Amino acid sequence: MATAAAAKSSYRPTPLERAYASHLLSVYFQTPFDPLSNTHASDDAELIRVPGRNAVPFLTTSGVERSLLRLLWQVSDPDAVGTLTRRSQFYMLLRLVAMAQAHFLPPLPSPGQPGGIVDEAKLALLRQTLEGNARLVVALPTFTADQSPSVAYLLGTYPPPAVEDVVVAAADHDLQYRLWQKQQQGGGSDSAAVEEAGRIARMSVSDAFGSLPEVEDRPLPSLQAPLPTAVEEGADGMPDVDGDDFGNFDSVQP
């Protein structure tokens, strides 16, 4: 059963984030994509199985520090089961990894360091950061173990659910993918682009349409008038580790 912290999460993955998660589950965690179960209602159903020990070798190829990866896993697995069984958990884990790579997570000093905090406070701060940036456009996470599938491939192979709400459907997949490519090339995130994308993602429908220029109200042209001419527009290699207990990052070689 999910805890209150997990159940009340307002983070909802974009169609591109959903597609990338489905790609990783299919290629690296033996979970074939099923369009019938790819619905918002089934995100919290126990339909996947990602054991922590199996995930360690893959997650460490993200470049995120192992001590931080362990905390990100704990946020995604609040009941300490040791295995992610719901897609919503996997979405959350990937989102946190992406935020870590984009330097969107706050400093988490350990006890003994200036301003050091215990793990419980770190987990609470990570959850708060995730919730406070639920609508922020962030580049997809990157892993050296995975290639770079295109947006067309991801959304074509792993299509989103039939019904999406207005805000999620309006997400700029191309921008998210460009940020992802820039991050893979070692260029970091374009802060101006991220800020603008976040502003757009938070706009209401009335705000979005209110920014359109006013158009003079004129009668429709006669049907006999010539119509304007249409213009055409153009193998994983991951070790198979048995067991469900979350592995020790310090003892696993990337």
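Helix α5 contributes the most to the lining of the second largest cavity, supplying four residues. In this predicted model, the cavity in question has a volume of about 80 Å³. Two elements, α2 (15-28) and α5 (87-101), each give two or more residues to its lining. The residues that line the second largest cavity are Tyr11, Pro13, Glu17, Tyr20, Tyr91, Leu94, Arg95, Ala98, Val138, Ala139, Leu140 and Pro141. By character, 10 of the lining residues are nonpolar and two are charged, while no polar residue is present.

Helix α5 also figures in the largest nonpolar core. This core comprises 48 residues, among which Leu24, Phe29, Val50, Leu72, Phe90 and Phe143 touch the most other members. Contributions of two or more residues come from α2, β1 (46-51), α3 (52-59), α4 (66-76), α5, α6 (119-132) and α7 (151-157). The largest share of the core, 10 residues, is provided by α5. For Leu72, contacts beyond the neighbours within four places in sequence are made with Leu93, Leu96, Val97, Ala100, Leu105 and Leu126.

With regard to the overall fold, the protein contains 11 helices and two strands. Along the sequence these elements are arranged in the pattern α-α-β-α-α-β-α-α-α-α-α-α-α. Of the 254 residues in the protein, 42% are buried. The accessible surface amounts to about 14,400 Å², and carbon and sulfur atoms account for 55% of this area.

Conventions
Residues numbered from 1 in each chain as written. Predicted model: local features only at pLDDT ≥ 70, side-chain atom pairs only at ≥ 80, totals over all residues. Heavy atoms only, no water. 1 Å grid on protein atoms, 1.4 Å probe; cavity = no way out; pocket = protein on both sides within 12 Å on 5 of 7 lines; lining within 4 Å. Points joined across faces, edges and corners; volume = space filled by probe spheres on them. Nonpolar A, V, L, I, M, F, W, Y, C, P; charged D, E, K, R; others polar. Buried < 20%, exposed > 50% of the residue type's maximum accessible area, 1.4 Å probe, protein only. Areas by Shrake-Rupley, 256 points an atom, 1.4 Å probe, with all protein chains shown as cover. Core = buried A, V, L, I, M, F, W, Y, C linked by side-chain atoms within 4.5 Å. Contact = heavy atoms within 4.5 Å.
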